[in-house]
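Got your viewer open? Let's take a walk through this one together, picking one thing at a time and looking at what turns up.

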Amino acid sequence: MVNIGNSWDEILRDAFRSQWYMQLREFLKYEYTHYRIYPGMYDIFNALKLTDYHSVKAVILGQDPYHQPGQAHGLAFSVKEGVPPPPSLKNIFAELQNDLGIMPPRSGDLTRWAQNGVLLLNTTLTVREGRAASHFGHGWEQLTDCIIGKLNERPQPIVFLLWGSHARRKKELITNPAHLVLECAHPSPLSAYHGFFGCRHFSRANEFLKQNGLSPIDWRL
């Protein structure tokens with residue numbers, strides 16, 4: 001069974017014991033045996049391992065992991081140390097600089113964000129090499145919707161950053177008025193100029209947290 005190693009284990013216990021999750025496990029066993037799948041199986045739940053349920057201050061929703069070798073390591077938009085940042089991540093760093101004056105870091109590894117309360121969650125947690133969206137519709141969405149639902153139940157305020165149409169569809173799961181939802185275009189080169197650049201989500205998230213008596217996120221890497 002899954003062992004996250006923090007409070008997510010208890011919070012997601014019923015989900016991990018469900019019939020649909022058992023079916024997802026069987027699908028993944030086949031996929032990892034017959035194809036090259038990203039991230040590695042021990043990195044699938046890194047977002048939950050690094051950001052405990054009670055530590056979440058913000059959620060950034062991605063779609064599915066990077067599908068090229070050496071990139072994905074279980075955190076949305078993040079790449080491993082030493083791997084050049086993909087175009088979407090470069091645009092995220094550009095907006096961060098424009099918003100808060102933080103210079104783009106040398107590394108595209110966003111682990112430090114995760115350790116500072118940013119849940120970097122893809123809606124599908126695995127992908128076959130070279131085939132974007134290849135693991136959609138096999139059960140991951142049920143689990144990640146459950147994660148969002150559990151966070152929605154939390155009384156402590158959370159900022160949900162929904163970038164792009166895929167993430168924005170999850171807005172209907174966030175009904176608790178304690179939370180803030182920030183929406184804009186996806187940071188990909190195809191859409192970043194249609195609302196992502198200039199969204200100022202990093203500073204707006206911190207303003208909301210401070211207004212609610214919480215410490216702001218240190219967005220430096």
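Which residue takes a positive phi just after α5? Select G101: its phi is about 75°, and G101 sits just after the end of that helix. Keep in mind as you click around that this is a predicted model.

**Stop 1: the whole protein**

Zoom out and show everything as a cartoon. You should find nine helices and six strands. The radius of gyration is 17 Å, close to the 17 Å that the globule rule gives for 221 residues, so the protein is as compact as a globular protein of that length. If you draw a box around the C-alpha atoms along the principal axes, it comes to roughly 45 × 40 × 30 Å.

Now color by burial. Of the 221 residues, 54% count as buried. Contacts tell you something about how the chain folds back on itself: taking those with a separation of 6 or more, 65% are between residues 24 or more positions apart.

**Stop 2: helix α5**

Select residues 87-100. That's α5, a helix of 14 residues. From its first C-alpha to its last it reaches 20 Å, close to the 20 Å expected at 1.5 Å a residue.

Which residues of α5 are buried? Show the side chains of S88, L89, N91, I92, F93, E95, L96 and D99. Then look at what lies over them: the cover includes α6 (111-115), β5 (159-163) and α9 (201-211).

**Stop 3: where α5 meets α9**

Keep α5 on screen and add α9. The axes of these two helices come within 8 Å and cross at roughly 60°. That makes α5 oblique to α9.

Who touches whom here? On the α5 side, pick I92, E95, L96, D99 and L100; on the α9 side, pick H201, F202 and S203. Sort the residues of this contact by type and you get four nonpolar, two polar and two charged.

Stay with α9 for a moment. Its buried residues are H201, F202, S203, A205, N206, F208 and L209. Their cover includes α5, α6, β5 and β6. Just past this helix, click on G213, which takes a positive phi of about 75°.

**Stop 4: the loop leading into α9**

Step back along the chain to the loop between β6 (180-184) and α9, and select G198. Is G198 buried or exposed? With a relative accessibility of 54%, G198 counts as exposed. Try a distance label too: the C-alpha atoms of G198 and L96 are separated by 9.6 Å, although the two residues are 102 apart along the chain.

In that loop between β6 and α9 you'll also find R200. R200 is not a glycine, yet its phi is positive, near 55°. Its relative accessible area is 39%, so R200 counts as partly exposed.

**Stop 5: where α3 meets α7**

Hide the rest and show helix α3 (residues 19-34) with helix α7 (residues 140-152). Their axes come within 9 Å and cross at roughly 130°. α3 and α7 are therefore oblique to each other. To see the contact, turn on W20, Y21, L24 and L28 of α3, plus W140, Q142 and L143 of α7. By type, the residues of this contact are six nonpolar, one polar and no charged.

How many residues does α7 have? Count along and you'll reach 13, with a span of 18 Å from first C-alpha to last, close to the 18 Å expected at 1.5 Å a residue. The buried residues in α7 include W140, E141, L143, T144, I147, I148, L151 and N152.

**Stop 6: two backbone oddities**

Go to the loop between β1 (37-38) and α4 (46-50), and select P39. Zoom in on the peptide bond from Y38 to P39: this bond is cis, with omega near -10°.

For the last click, move to the loop between β2 (58-62) and α5 and pick F77. What is the phi of F77? The value is positive, about 70°, although F77 is not a glycine. At 9% relative accessibility, F77 counts as buried.

How values were computed: Residues numbered from 1 in each chain as written. Predicted model: local features only at pLDDT ≥ 70, side-chain atom pairs only at ≥ 80, totals over all residues. Heavy atoms only, no water. Helix = DSSP H or I, 4+ residues; strand = E, 2+ residues; numbered from the N terminus. Expected span 1.5 Å × (residues − 1). Buried < 20%, exposed > 50% of the residue type's maximum accessible area, 1.4 Å probe, protein only. Contact = heavy atoms within 4.5 Å. Axes fitted to C-alpha atoms, helices over the stretch in contact; angles between N-to-C directions. Parallel < 35°, antiparallel > 145°, perpendicular 65-115°, else oblique. Nonpolar A, V, L, I, M, F, W, Y, C, P; charged D, E, K, R; others polar. Rg over C-alpha atoms; globule rule 2.2 N^0.38 Å.
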